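Please read the points below alongside the coordinates, beginning with the ligand site and ending with a few individual residues.

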Amino acid sequence: MKEIGIFYGSTMGETEEAAEMIADVIGKDKAEVYNVGSVTVDEVEKYDKLIFGSSTWGLGELQDDWDTFIEKLKTLDLSNKKVALFGLGDQAMYSDTFVDAMGIIYDVVKEKGAEVIGGVLADDYDFNHSEALINDAFVGLPLDNNSQGDLTEERIRNWVDDLLKAF
Ligand SMILES: Cc1cc2nc3c(=O)[nH]c(=O)nc-3n(C[C@H](O)[C@H](O)[C@H](O)COP(=O)(O)O)c2cc1C
């Protein structure tokens, strides 16, 4: 059994690709990747170290497959688990709801007792508002393949470095 479970929801494949890249950087021997559209939350219970990823759709909504999954997540006790979050979004087109889905997942996992790790300073992003922001830091890693795609790989590498120390 691998050490870290990565769970993502993805409509056009961007979040899926990021999840796979995160797993590659962590090491495929240590991280297993799951699509929330095709697994049950029983898989979540197996891990003490978790990474959740969602893109944001509509205006500040969860990716579709997360809708059901998050309701099931609310039935779990996540205390004693460490959770890191990442979110795909578009800060230019959706500047008022940038990576909001990450904030929605954050609220649920905190409520269920998880320790959330892997926050990221907002300095390198240019947006109006985000539900995933607390003071000057995001609750996880925002990735924007639409307007800052050239930064994605480096952001993932730096973030994973920090995560592996915090897990
Ligand atoms: C109709 C539509 C609505 C979107 N709404 C938001 C939004 O509210 N906030 C945001 O940050 N990004 C938003 N996005 C950008 C997507 O989150 C982004 O394209 C992401 O990379 C898609 O990832 P996925 O392929 O994994 O679903 C939206 C994109 C579309 C096409």
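The numbered points that follow concern the ligand and its surroundings, then three single residues.

1. The model is predicted, and the remarks here should be read with that in mind.

2. The shell around the ligand is made up of 20 residues, and those that come nearest are Ser 10, Met 12, Thr 15, Ser 55 and Thr 97. By class, this shell holds eleven polar residues, seven nonpolar ones and two that are charged.

3. As to which elements build the site, helix H1 (14-26) and strand S3 (49-57) each contribute at least two residues to the shell around the ligand. Strand S3 provides the largest share, which amounts to three residues.

4. Three polar pairs deserve a look when the ligand pose is examined. Ser 10, listed above among the residues that come nearest, places a polar side-chain atom 2.6 Å from an oxygen atom of the ligand. With Glu 14, a polar backbone atom is 3.1 Å from an oxygen atom of the ligand, whereas at Gly 58 a backbone N or O atom lies 2.8 Å from a nitrogen atom of the ligand. Taken on its own, the ligand has 650 Å² of accessible area, and the protein covers 84% of that.

5. Where does the ligand sit with respect to the pockets? The space that the ligand takes is the largest pocket.

6. Val 99 merits a check of its backbone, since this residue has a positive phi of about 45° although it is not a glycine. Val 99 belongs to the loop that runs between strand S5 (82-88) and helix H4 (100-111). With a relative accessible area of 1%, Val 99 falls under the 20% limit and is therefore buried.

7. Asn 135 likewise calls for a backbone check, as its phi is positive, at about 55°, although the residue is not a glycine. Its place is in the loop between strand S8 and strand S9 (137-138). Is Asn 135 buried or exposed? Asn 135 has a relative accessible area of 70%, which is over 50%, so the residue counts as exposed.

8. Leu 133 is located in strand S8, which spans residues 133-134. The relative accessible area of Leu 133 is 28%, a value between the 20% and 50% limits, and therefore this residue is classed as partly exposed. Along the chain, Leu 133 and Glu 16 are 117 residues apart, and their C-alpha atoms are separated by 23 Å.

Technical notes:
Residues numbered from 1 in each chain as written. Predicted model: local features only at pLDDT ≥ 70, side-chain atom pairs only at ≥ 80, totals over all residues. Heavy atoms only, no water. Near = heavy atom within 4 Å. Polar contact = N/O pair within 3.5 Å; in protein donor to acceptor, adjacent residues only side chain to side chain. Areas by Shrake-Rupley, 256 points an atom, 1.4 Å probe, with all protein chains shown as cover. 1 Å grid on protein atoms, 1.4 Å probe; cavity = no way out; pocket = protein on both sides within 12 Å on 5 of 7 lines; lining within 4 Å. Sits in = over half its atoms within 2 Å of the grid points. Helix = DSSP H or I, 4+ residues; strand = E, 2+ residues; numbered from the N terminus. Nonpolar A, V, L, I, M, F, W, Y, C, P; charged D, E, K, R; others polar. Buried < 20%, exposed > 50% of the residue type's maximum accessible area, 1.4 Å probe, protein only.
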